[in-house]
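Trainee: Could you take one part of this model and walk me through it up close? I'd like to hear how it ends and how well covered it is, and then a bit about what else is worth a look.

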4 protein chains.
Amino acid sequence: MITVISGTNRQDSKTRAIVGLYVDLLKAKGVAYQILDLVYLPEDFTIKALYDYTGKHEEFNKLSALIRNSDKFVFIVPEYNGSFPGVLKTFIDGLDYPYTFKDKKAALVGVSSGMQGGLLALSHLTDIFNYLGMHVLAQKVKLAFISKNFDGKLLTNQLYNELLEQQAESFIKF
Amino acid sequence: MITVISGTNRQDSKTRAIVGLYVDLLKAKGVAYQILDLVYLPEDFTIKALYDYTGKHEEFNKLSALIRNSDKFVFIVPEYNGSFPGVLKTFIDGLDYPYTFKDKKAALVGVSSGMQGGLLALSHLTDIFNYLGMHVLAQKVKLAFISKNFDGKLLTNQLYNELLEQQAESFIKF
Amino acid sequence: MITVISGTNRQDSKTRAIVGLYVDLLKAKGVAYQILDLVYLPEDFTIKALYDYTGKHEEFNKLSALIRNSDKFVFIVPEYNGSFPGVLKTFIDGLDYPYTFKDKKAALVGVSSGMQGGLLALSHLTDIFNYLGMHVLAQKVKLAFISKNFDGKLLTNQLYNELLEQQAESFIKF
Amino acid sequence: MITVISGTNRQDSKTRAIVGLYVDLLKAKGVAYQILDLVYLPEDFTIKALYDYTGKHEEFNKLSALIRNSDKFVFIVPEYNGSFPGVLKTFIDGLDYPYTFKDKKAALVGVSSGMQGGLLALSHLTDIFNYLGMHVLAQKVKLAFISKNFDGKLLTNQLYNELLEQQAESFIKF
């Protein structure tokens with residue numbers, strides 16, 4: 001089973017829409033999946049789910065259980081301030097250390113309004129995941145200028161669809 | 001005026017203690033300073049101070065005002081999961097874009113229980129700050145194996161004190 | 001005096017042409033400059049100018065003297081294999097350590113045929129220069145899709161000209 | 001077959017000695033291997049094996065053939081100036097693009113005289129290899145303070161031996 005993660009808690013984000021498209025790809029290939037949407041992060045998690053409270057926040061635990069019960073993750077990551085969203089890292093900071101991601105596998109997709117496509121966000125995340133013992137698929141998809149290339153439902157840039165398709169294909173075998 | 005930032009919302013952290021030592025250095029040099037302690041981040045800020053709520057959370061605004069009213073920042077940054085704390089980045093994600101940090105200056109200090117001293121955390125932050133138009137002092141101090149080198153009040157490793165002293169000296173002229 | 005460095009030893013490169021344009025900007029502002037072109041790296045420098053031979057290769061020393069006699073550098077860096085050219089780093093590996101770049105200042109420009117504009121190349125270089133004690137200007141210019149935006153003599157993308165102009169302006173004051 | 005790469009052209013390097021130890025590990029596990037030692041890089045390769053000369057330098061081609069005929073690589077990488085050696089990247093710049101490393105696999109070991117253990121060198125290399133389509137094993141071994149931990153023949157720090165052993169074990173299954 002592959003867990004597809006929407007890497008922001010922003011409401012109605014384009015990131016969440018891309019998660020939907022990715023899940024359609026996996027469905028078409030007959031691969032089991034589940035969605036972990038950071039929009040469900042509880043309001044008080046930066047205090048009540050971290051440090052001494054690790055593992056003690058019931059609502060947070062429902063999300064972290066989706067990490068624990070699966071071995072493969074696709075992270076869809078919007079670019080905020082030149083890197084990944086702080087809430088995504090804070091979510092990771094609330095997970096059990098050090099075994100949560102050890103020997104698991106990740107594929108990364110960046111989403112940006114500008115030209116970078118989340119390139120540095122994905123590089124930083126790769127550092128973090130490797131540190132935690134999780135292997136990262138070499139092919140990273142960078143969806144730059146997303147407003148121009150996404151019509152609210154579909155990616156209108158055919159190259160983007162192909163890159164996601166190729167990544168999903170590679171990740172299933174990874 | 002230099003703003004010294006304690007880069008975590010963890011209670012009673014070693015990071016906060018290092019902030020105290022840094023401020024002592026600045027005081028001894030007769031430099032004006034203020035402290036921005038992320039422990040005061042409001043519980044609900046990941047939802048009520050970001051995106052459409054940017055600038056609308058009174059308690060959060062008290063912290064962000066400390067960024068707006070100063071041009072030089074020392075970030076004391078603990079290493080969490082091989083990089084900076086998610087809450088630090090989330091705090092940055094809640095600031096006004098794009099002018100908050102533009103043409104300002106930062107010095108970086110990493111704190112870790114392990115051997116890395118926050119090296120990757122500081123590299124990632126440099127990427128982010130440069131993206132936001134803030135210059136970063138070349139000398140970055142990495143306080144590795146902090147438990148062994150900090151007795152709860154003072155840094156017992158004399159090299160660490162010298163590195164902080166030299167950095168503060170350079171940053172005042174930067 | 002500002003030293004503008006052409007970061008590749010490839011003959012007749014677009015990078016070298018951008019160096020020419022940058023120098024024109026500096027001239028128009030009345031700033032003294034010199035050019036360091038890696039195309040003049042001697043054929044045998046990876047062996048005869050490194051390690052035990054540091055400082056002993058006359059032809060190499062003519063190039064390294066241009067680093068020693070100046071305090072500000074603009075690096076024009078083509079993207080090779082997702083990062084900076086190996087020869088640029090090898091040139092740096094042949095310089096005296098640790099004082100060559102200490103307390104000096106650099107501005108970075110990336111040049112690529114693809115979409116990245118050398119973003120990771122400039123991030124990696126920033127890590128290296130900060131390690132060596134050299135401050136890096138926050139504003140980094142990324143000239144992506146260079147074939148489409150450069151006609152052999154001039155940058156036809158007006159935004160690119162403005163970004164270089166703004167960077168030069170900032171760097172003079174840095 | 002696993003190719004173990006000595007990532008510097010420095011004569012009689014500690015890096016080359018670590019390659020020997022790594023090969024002993026592979027032998028003990030009954031895994032086929034070959035060594036690619038950058039000390040054999042021809043003196044003139046930065047000019048006669050790059051750009052228009054790609055593939056045309058016979059001596060260089062003997063080394064690049066060792067890349068082409070294998071799918072798994074262990075890179076032993078000394079830290080020079082806070083990152084990997086320039087000659088290692090220049091060697092990569094001389095290989096055929098874009099298929100040389102595509103869908104292949106790498107494990108990384110850093111070697112340093114200082115405290116970093118090549119951490120940034122391995123992060124930068126991961127960026128480059130991922131860009132080229134090569135998967136990188138999450139577990140990266142960082143051999144810091146090598147002079148203190150290596151007696152000229154063996155690693156005297158038992159933790160270092162265990163880390164190499166665990167990495168080799170993981171890489172064989174990767």
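Mentor: Right after H5(C) comes Gly133(C), and its phi is positive, near 90°. Keep in mind that this is a predicted model. The helix itself, H5(C), covers residues 119-131, so by count it has 13 residues, and the expected span at 1.5 Å a residue is 18 Å. From first C-alpha to last, H5(C) reaches 19 Å, close to that expected value. As for cover, H5(C) is mostly tucked away, with 13 of its 13 residues buried.

Over in chain A, helix H5 (119-131) is one of the helices that supply at least two residues each to the side touching chain B, along with H2 (45-48) and H4 (86-93). H4(A) gives the most to that side, with 6 residues. The contact as a whole takes 25 residues from chain A and 25 residues from chain B. On the chain A side, those residues split into 11 nonpolar, 8 polar and 6 charged.

While you're in chain A, have a look at strand E1 (residues 2-6), where 4 of the 5 residues are buried. E1(A) pairs in the parallel sense with E3(A) (residues 72-78) over 5 bridges, and Ser6(A) stands opposite Ile76(A) there. E1(A) also runs parallel to E2(A) (residues 33-37), joined by 5 bridges, with Ile2(A) opposite Tyr33(A). To get from E1(A) to E2(A), the chain passes through helix H1(A) (residues 14-28), and this β-α-β crossover is right-handed.

Notes
Residues numbered from 1 in each chain as written. Chains lettered and ligands numbered in written order. Predicted model: local features only at pLDDT ≥ 70, side-chain atom pairs only at ≥ 80, totals over all residues. Contact = placed C-beta atoms within 7 Å. Nonpolar A, V, L, I, M, F, W, Y, C, P; charged D, E, K, R; others polar. Buried ≥ 20, exposed ≤ 12 C-beta atoms within 10 Å, placed from the backbone. Pairing = 2+ DSSP bridges. Right-handed = clockwise from strand over helix to strand, strands pointing away.
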